[in-house]
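Here are some notes for a colleague who has not looked at this structure before. Please read them with the model open.

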Amino acid sequence: MTAPSTFGLSSEARNLHWLLTNLVEEVPGILSVAVVSSDGLLLLSSDPGRNAEAREAREERPTGPKGSAADLATIVSGIGSLTIGAAKLMDGGTVKQTMVAMDEGSLFVMSISDGSLLGVHGSPDCDMSVVAYHMALFVGRAGHVLTPELRIELRKSLETESTGSAR
């Protein structure tokens, strides 16, 4: 996790960390995950290195977007904005999920609540239906607790960790 220590966080924030950890550890082929607020800020992310199985299977290939969890958050936010705009232009209603299939992996973006997004980077051999199913479970469990207050708390915990690790 980007913020492995959940000391001092509310029970809702700790539960969200736990849900994200379970998503990454229990679903084969997930390389990295980001929860992004409606304004594109990273709220919570996985550590691609935690998924040792995927890392061993793809030793020669990168395990996530180049750079940091912030890069995945930027990609997720951009794709989310693009698909929301497309849905408006096509009178398609709300966007529930977007999937991008690539030669070397997959990217899934799913709406959580109030514009927040869950983004998952999957390996080329991930079972897309299994990843989508577990993402939907995460969204169902996390959507009702991801309140504005919790978003602020998660954002502050990331900022605190960034400041602490820069020392």
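In which sense do strand 3 and strand 4 pair, and over how many bridges?

1. The model is predicted. In it, strand 3 and strand 4 run antiparallel to each other, and their pairing extends over six bridges. The two strands make a hairpin, with two residues between them. Within this pairing, Gln97 has Met110 of strand 4 opposite.

2. The count of cavities of 30 Å³ or more comes to one. The space in the largest cavity is about 50 Å³. As general background, empty space left among atoms is revealed by rolling over them a probe the size of a water molecule.

3. The hairpin strands return in the lining of this largest cavity: strand 3 (97-102), strand 4 (105-111) and helix 3 (69-89) each contribute at least two residues. Gln97 and Met110 are among the lining residues, and these two also stand opposite each other in the strand pairing. Other residues of the lining include Gly80, Thr83, Ile84, Val95, Lys96, Thr98 and Leu117. Sorted by class, the lining has five nonpolar residues, five polar and one charged.

4. Helix 1 covers residues 11-26, which makes 16 residues. From first C-alpha to last, helix 1 reaches 22 Å, close to the 22 Å expected at 1.5 Å a residue.

5. Which residues of helix 1 are buried? They are Ala13, Leu16, His17, Leu19, Leu20, Thr21, Asn22, Leu23 and Val24. The run from Leu19 to Val24 is thus listed without a gap.

Key: Residues are numbered from 1 along each chain as its sequence is written. This is a predicted model: local features need pLDDT of at least 70, side-chain atom pairs count only at pLDDT 80 or more; totals for chains, interfaces and linings use all residues. Side-chain values use heavy atoms; hydrogens and water are left out. Helices (H or I, at least four residues) and strands (E, at least two) are DSSP runs, numbered from the N terminus. The expected span of a helix is 1.5 Å times one less than its number of residues. Buried means under 20% relative accessible area, exposed over 50%, partly exposed in between (1.4 Å probe, protein chains only). On a 1 Å grid over the protein atoms alone, a cavity is a set of points where a 1.4 Å probe fits but cannot get out, and a pocket is an open set with protein on both sides within 12 Å along at least five of seven lines; lining residues have an atom within 4 Å of a point. Grid points are joined across faces, edges and corners, and a volume is the space filled by probe spheres set on the points. Ala, Val, Leu, Ile, Met, Phe, Trp, Tyr, Cys and Pro count as nonpolar, Asp, Glu, Lys and Arg as charged, and the others, Gly among them, as polar. Two strands pair if DSSP finds at least two bridges between them.
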